[in-house]
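Please look over the sequence and the model below before reading on. The report then takes up a helix, the cysteines and a part of the surface.

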Amino acid sequence: MKILIQAAEIIAPQSPLHRKQKNVLISNGRIAEIGDKKFTADKVIQAEGMYLSAGWLDIGTYAGDPGFEHKEDLNSLNQVAAASGFTELALLPNTNPCIQSKNDVSYIIRHNDSRLVQMHAIAAVSKNIKGEELTEMIDLHHAGAVAFSDGLKPVWHTDIFLKTLQYLQPFNGLLIDHPEDIWLNMFGQMHEGITSTKLGLKGMPRLAEEIMVKRNLDLLSYAGGKLHLHKLSSAAVFDLLRIARKQGLQVSCDVSAYQALLSDELLTDFNTNYKVNPPLREKHDQEAIIKALKDNTIDVLCSAHMPQDEESKNLEFDLADFGIINLQTFASQLSALSKWVDIGLLIEKVAYNPRKILNMPEASIAKEAKANLTLFAAEASWEYKESNNLSKSKNSPWLGQTLKGKAVATFNNGKHWIDKSVIQ
């Protein structure tokens, strides 16, 4: 089958096609033609005003599979990701059992040849994610793990963190850490500030993130290696990163796409769908994130997709689990962020930078290249409701709202998903 994407603006920073409007013909899973003429095709997507980039890759998606399949399994994740613009996902290891053996990695990646959305395993740093004993990371690397992390938990043990940085260097491995002082955040429910005081909720101070970022950067300076800081939220940490990079440290970072758009004031009605970790913070932090996106201190935007079942969310605020489902609504957040940050730069942070950080091959937009592509309609309006929610879970504060910005087509692995509304 031949599919023509007509008049899309191409986002491909290393290509001469970058920011140019072209017609792209896809045939048998490859890019057959790129140009200005209208090629003959079985299906035509009228893509004027839309953006075509390499397929989006999400770092740190949570899948409950294995162990918590009632929240999200690999099949439902494939479905929701494909319809959300993502062609590849790097999955957190916090499953049951956690991703800590060659068989565990194999379970995640074994169907990649037949999926539109390819799953990559981030393997655990410590056994059972307890932070006390190292996993066999060399074996996990050879089995196909793309990075190493304790996922939703920080690598809290200083010696384990240091040895991990050293252990990964012979094969250029990447340590991903969620920086959080778990003792300072103990029993915390939301950002520590004026709003938490008014609501009478135990706060999670910025300091809990800042202390761990400082510690991590000091250990990176001492040991060397590659470090990626996951889901940052506090204004002060971005200055720490700028200094670290001037010193030549190999450190990258991401933030959740919603982090600059939502504040702790949204929790005044105790909506547990706004309960996330790291917590929604204040305007000062939002402004710092926007600045860090503009100057490329923030390398990657992630979805922070964290499905939770009804029993985990529909209860008292202090008993509810953390997390938002956010694959399907991610594109709308790119559109919202484009009010302050160039849309092309935002797309780079989900289409190109994640692959560089994970040391994966670039998905290029060139004639004869495999079609690993996302088509993004930044101005498209759509209603997000339970009937079109593709996740197994529904812990989203955006359900029932009309949103602007959506992915309308994904291509990968010889397969495609196309929103019916854009097919001529």
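How many Å apart are the end C-alpha atoms of helix 6 (residues 206-223), and what span should its 18 residues have? In this predicted model, the end C-alpha atoms of helix 6 lie 26 Å apart, and this agrees with the expected span of 26 Å, because each residue is counted at 1.5 Å.

Several residues of helix 6 are buried, among them Ala208, Met212, Val213, Leu217 and Leu220, and the list also includes Glu209, Glu210, Arg215 and Asn216. The cover over these buried residues includes helix 4 (158-168) and helix 7 (236-246), together with strand 10 (174-177), strand 13 (226-229) and strand 14 (250-256). After helix 6 comes Gly224, which has a positive phi, near 80°.

Turning to the cysteines, the count of disulfides in the model is 0. A disulfide is a covalent bond between the sulfur atoms of two cysteines. For Cys302, the closest cysteine sulfur belongs to Cys253 and is 10 Å away, so the two sulfurs are too far apart for a bond, given that a disulfide needs them within 2.5 Å.

The table sets out how accessible three residues are.

| Residue | Relative accessible area | Class |
|---|---|---|
| Cys98 | 6% | buried |
| Cys302 | 0% | buried |
| Met186 | 37% | partly exposed |

Met186 sits in the loop between strand 10 and strand 11 (190-191). Together with Trp183 and Phe187, Met186 forms a nonpolar patch on the surface, and the three residues have about 400 Å² of accessible area together.

Terms used
Residues are numbered from 1 along each chain as its sequence is written. This is a predicted model: local features need pLDDT of at least 70, side-chain atom pairs count only at pLDDT 80 or more; totals for chains, interfaces and linings use all residues. Side-chain values use heavy atoms; hydrogens and water are left out. Buried means under 20% relative accessible area, exposed over 50%, partly exposed in between (1.4 Å probe, protein chains only). Helices (H or I, at least four residues) and strands (E, at least two) are DSSP runs, numbered from the N terminus. The expected span of a helix is 1.5 Å times one less than its number of residues. Contact means heavy atoms within 4.5 Å. Patches are made of residues with over 30% relative accessible area and no salt bridge: like charges are joined within 9 Å, nonpolar side chains (Val, Leu, Ile, Met, Phe, Trp, Tyr) within 5 Å. Accessible areas come from the Shrake-Rupley method with a 1.4 Å probe; for residues, only the protein chains shown count as cover. A salt bridge is a side-chain nitrogen of Lys or Arg within 4 Å of a carboxyl oxygen of Asp or Glu.
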